[in-house]
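Work through the following exercises with the sequence and the model side by side, and try each task before reading its solution.

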Amino acid sequence: MGILKLIGASERIRVALSILYRVLVAIIVVGFLIAAWQFLVTYLRVPEILLPTPYSIYVAFLNAQSTLYYHTGLTTVEIVTGFIISALAGVSFGTAIAYSKILERILYPIAILVKLTPAIAIAPLMTLWFGYGMTSKIVVVIIGSFFYVIVNTALGLQSVDPALVDLMHSLAAPEIVIFFKVRLPSALPYVFSALKLTITSCVIGATVAEWVGSVKGLGGLALLAASYHNTSLLFVAIIAVTALGIALFGLVALAERILIPWRPRQQGAES
Amino acid sequence: MQYPGVRGFSVDALKEISFNVKPGELVSVVGPSGCGKTTLLKIVGGLLRPSKGKVLIDGEDVNIARKKAKIGFVFQNPVLLPWRTAIKNVELPLEVLGQSARHQVDPLRVLKQVGLAGFESTYPSQLSGGMQSRVAIARALVFDPEILLMDEPFGALDEITREKLGEDLVRLWMETKKSIVFVTHSIPEAVFLAQRVVVLTARPAAVARIVSVGLPHPRTADMQASREYIDRVGDVRNALGLSWGSSS
Amino acid sequence: MILRLRRVAGVIYPPIFFFLFLLIAWQLYVEYTHYPRFLLPTPYEIMSEFLISWPTLVPHFIATLLEIVSGFFVGSIIGVILGIWVAYSKLAERVIYPLAILVKVAPVVAIAPMITLWFGFGILSKIVITSIISFFPLVLNMSAGLTSIDPSLVDLMHSLSAKETEIFLKIRLPNSVPYAFAGLKIAITVSVVGAIVAEFAGALAGLGFMANMAMAYIETPLLFVLLMILSFLGIALFGMISMLERIFVPWAAARGAR
């Protein structure tokens, strides 16, 4: 890095190159790990059922490609539909709670309580009600994230800097203007916090709901593969779900960057 | 005590700085924002190593003096441990120093000295900013160091509290006769509290001037109207390159 | 004291009334519209089911509880230790930190079928899963707690010639306690979810397993009972950790953080 500073490379190029460097190192490390994996499993004659080699996973992937895309698509639709509905409904309800004392006193404690319960436990009931199709999975997804979004939206709307509201009042702004210009933007970081947290549980929710009742979708595929002891296919399914989870999270983070460009980066602990 | 030449790092934080502090003297250091006052104080206290030069306390190297618990620090931010009560916070240096703390002051007495008698069992979160600063000072005094190094200790407080704490500090100093180096960005405060004012230039800092304040201690508020005071403040301002309006 | 009780009561009244109102409305609705009982049983039926079948549920309750708690303990302890390591070792930080973030983002439970394949349908596979889940929030939170110290405080310790072990014991460790508890609260919540999910992936006992059975046999009242028990379990465990937090972090009471 000192070298680059010496040749007077601009700040941007230096940052880009250092990121590139890190990525390269990461790729090399991962590549090395995969190679080691392949080598160890073959050399130690680990049974296929326990731990397949990267190569056999790759083969399984090739063989299953078309069905894989189908199942991935299915699960993705379940997740995305549920997530969007949950986000919209959650924000609406959260707003309602923030504006109505009555609703707040009734619903807020309930929402917090429900937030603490394992939403996933609902899956069997939903499957009973809505059948083995996609609907039950979507409902599970919605229930999983809905309350989180409500709580955070209400919180965000209420924690607007009172000085800002005073400013708006001093300009005789009507409530609706205050809402869109001040409250909503203040609440967005909170909402997105909730969204980022819940997207992962939505993915889990959909996948697990599929375990409970389905043979379709990535969850269903995984369970099927497991029951046939087809470990390679199981790995493929697991990797696919993980990739899906990461990708969706990335999308939400991207949306956050776009919609909240002013947000300072945070790190460290969460609660 | 003397602090010979001192210099900064790859970015020159400080230029040649050299000054002495006599035993029992109250010296203030004043300079524009970012000139390196804090860096200087840390070097004086042995927390940072100067790239050139050294710091001697009573003829011995500062690091030796530090191990002998001769230096007390008070920072801008009181940094009290939130999980300890006031008195436990004051006791912290005693616990850490163990044997090296040859002179110890009873924590309760120190708290009384800073005017916080009766607040021993309160938590920092229950104390006001001014009170927290007092606890920080008490903490620095509890192991009876020969020198107190203070980095804008009243920086975060309002004017009235600052004045009160400044008076308390001087009173404490007269009782305990320690050497104090007091960094501040307030010129009036620097002149009013100290016997000598070290004026630093902008970064990289060098000693612009050392102004001796000829007013006797204990100083009273009416001295702020005296000729000597106004002239000294003017001297400091001139040294900092600030004009004084109509010249005298 | 009385005032506080009154305040707490004031918070509880509305949701309780609302809840009771819901229950009554529910009961009347199902009875009045002759709603198919296998879809929506009345609260009364659910209660009766609970009173009848709770003895049989006890072993399953214990199984699930065991899975959650053991996994939580193992995962938390390992998480704390690794958190300390990450705070002190650049190498550990480079390796573990990105992994922890990855796990936070990726659906860890997806590996459940694989774990079940490896460790069988018994309790062990569930404990493994809950351990893995609990472990990461603690690594992240613990290392954050150990490192987010005001640098002036570190300077102060240095000016007193304090050794690193002393700084660790007197400053870093106490500072990290609130962070650790935040992590523990997350860990217990995800452990509960993890245990249930693990049972869905293949089990022989436990409340999640029973839920699956109840669904297959269309024993809807039983399903509701199980749901109640599971919710209660999740809330109770979280509540216990919160209470522990009150004991171990008394100085945060003044802040009133949530």
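**Exercise 1.** Determine how many bridges join strand E9 (residues 196-200) of chain B to E10(B), and in which direction the two run.

*Solution.* Strand E9 and E10(B) are joined by 5 bridges and run antiparallel; strands here are DSSP runs of E with at least two residues, helices are runs of H or I with at least four, and both are numbered from the N terminus. Within this pair, B:Val198 stands opposite B:Ile210 of E10(B). The model is a predicted one, in which local features need pLDDT of at least 70 and side-chain atom pairs count only at pLDDT 80 or more, while totals for chains, interfaces and linings use all residues. Residues are numbered from 1 along each chain as its sequence is written, and chains are lettered from A and ligands numbered from 1 in the order in which they are written.

**Exercise 2.** Place this pair in its sheet, and find which helix packs on the sheet.

*Solution.* Begin with the strand order, which in chain B is E6-E7-E8-E3-E9-E10, an open sheet of 6 strands with mixed pairing, where two strands pair if DSSP finds at least two bridges between them. Next come the edges, strand E6 (71-74) and strand E10 (207-212) of chain B, each of which pairs on one side only. Neighbouring strands are turned by 15° against each other on average, direction ignored. Finally, helix H8 (residues 227-239) of chain B packs on the sheet by touching E3 (26-30), E9 and E10, and its direction makes about 175° with that of E10(B). Contact requires C-beta atoms, placed from the backbone, within 7 Å, and the angles, from 0 to 180 degrees, are taken between N-to-C directions of lines fitted to C-alpha atoms, for helices over the stretch in contact.

**Exercise 3.** Work out which residues of H6(B) are buried, and why they lie on the same side of the helix.

*Solution.* The buried residues of H6(B) are B:Leu165, B:Gly166, B:Leu169 and B:Trp173, buried meaning that 20 or more other C-beta atoms lie within 10 Å of the residue's own, exposed that 12 or fewer do, and partly exposed a count in between, with C-beta atoms placed from the backbone. They lie on the same side of H6(B) because they cover an arc of only 110° around the axis, the arc being that of the directions from the helix axis to the C-beta atoms. On the other side of H6(B), B:Ile160, B:Met174 and B:Glu175 are exposed. The cover over the buried residues includes E3, helix H5 (129-141), strand E8 (179-184) and helix H7 (187-193) of chain B.

Conventions: Contact = placed C-beta atoms within 7 Å.
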